[in-house]
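This report covers local features of one protein chain. Backbone, charges and burial are taken in turn.

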Amino acid sequence: MSHHSHQNPREPPYNKWLGSAFARTPMGPRLTPDLTAALAATDWRDREQRLAHAYETVAGLHNQLGLTDRVDPATRPYHSRPFQVLRADRFSKALTARITDPTLRDQLPVGSVDQFLDSTDVLSRPKLTRTAGQAVRKSRSD
């Protein structure tokens with residue numbers, strides 16, 4: 001049995017509060033039209049175009065912060081596939097390059113274990129979750 005069966009596939013989870021809370025953020029008014037249109041799109045090309053515009057808007061906002069050297073905000077193809085993506089790893093590399101604190105610089109570039117693990121069997125058992133996180137940290141230090 002799928003654990004997604006209770007969700008309406010046409011609606012994002014928690015859309016009632018998520019949409020209204022997001023609309024009140026400083027970026028909300030600039031991004032909401034593209035994100036709303038992406039959700040309403042009936043074909044992938046239209047959805048992709050709206051998402052690509054939203055990605056480029058966020059990339060432009062990153063550049064305005066001046067935290068890193070300017071990163072090209074344009075989307076680009078995903079390897080040889082016909083899909084436009086931001087390649088957000090370019091932004092994380094630019095940000096990581098600016099970290100001067102050695103303790104932070106040497107940290108594994110992930111947060112909680114559920115960023116790289118999606119097994120409900122593991123995530124519902126704290127001991128296994130901790131073990132998985134420790135294994136990833138240990139593999140980095142070897």
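## R87 and the backbone

R87 is partly exposed in this predicted model. Its relative accessible area is 26%. The residue sits in the loop between β2 and α4. Its phi is positive, about 60 degrees, although R87 is not a glycine. Most residues other than glycine have a negative phi.

H79 also has a positive phi, near 50 degrees, and is likewise not a glycine. This residue belongs to the loop between β1 and β2, where β2 spans 84–85. H79 is exposed, because its relative accessible area of 55% is over the 50% cut-off.

## A network of salt bridges

Which residues are linked with R87 in a network of salt bridges? They are D89 and K93. The side chains of R87 and D89 meet at 3.4 Å, N to O. Those of D89 and K93 meet at 3.3 Å, again N to O.

D89 and K93 both lie in helix α4. They are four residues apart, about one turn of the helix. D89 is partly exposed, at 27% relative accessible area. K93 counts as exposed, at 55%.

## A link between distant parts of the chain

Five salt bridges are found in the whole structure. One of them joins the side chains of R98 and D69, at 2.8 Å from N to O. This pair links distant parts of the chain, 29 residues apart. R98 is in the loop between α4 and α5 (102–105). D69 is in the loop between α3 and β1.

R98 counts as partly exposed, at 43% relative accessibility. D69 is exposed, with a relative accessible area of 56%.

## A buried glutamate

E48 is found in helix α3, which covers residues 44–65. Is E48 buried or exposed? E48 is buried, yet has no salt bridge. The nearest side chain of opposite charge belongs to R45, 5.9 Å away. A salt bridge needs a nitrogen within 4 Å of a carboxyl oxygen, so R45 does not form one with E48.

What does E48 touch, leaving aside its neighbours within four places in sequence? The contacts are P82, F83 and Q84.

## A nonpolar surface patch

F83 appears again at the surface. Together with W44 and Y78, F83 forms a nonpolar patch there. The three have about 280 Å² of accessible area together. F83 thus takes part in this patch and is also in contact with the buried E48.

W44 is placed in helix α3, the helix that also holds E48. W44 is partly exposed, with a relative accessible area of 37%. Patch residues need over 30% relative accessible area, so W44 passes that cut-off.

## The buried face of α4

Helix α4 runs over residues 89–97. R90, F91 and A94 are buried in this helix. Why do the buried residues line one face of the helix? Seen down the axis of α4, they fall within an arc of 100 degrees, so one face holds them. The cover over these buried residues includes α3 and β1 (76–77).

Helix α4 therefore carries buried residues along one face. The helix also holds D89 and K93, whose side chains meet in a salt bridge. Of that pair, D89 is partly exposed and K93 is exposed.

Notes: Residues are numbered from 1 along each chain as its sequence is written. This is a predicted model: local features need pLDDT of at least 70, side-chain atom pairs count only at pLDDT 80 or more; totals for chains, interfaces and linings use all residues. Side-chain values use heavy atoms; hydrogens and water are left out. Helices (H or I, at least four residues) and strands (E, at least two) are DSSP runs, numbered from the N terminus. Buried means under 20% relative accessible area, exposed over 50%, partly exposed in between (1.4 Å probe, protein chains only). Lys and Arg count as positive and Asp and Glu as negative; His and the chain ends are not counted. Contact means heavy atoms within 4.5 Å. The arc is that of the directions from the helix axis to the C-beta atoms. Patches are made of residues with over 30% relative accessible area and no salt bridge: like charges are joined within 9 Å, nonpolar side chains (Val, Leu, Ile, Met, Phe, Trp, Tyr) within 5 Å. Accessible areas come from the Shrake-Rupley method with a 1.4 Å probe; for residues, only the protein chains shown count as cover.
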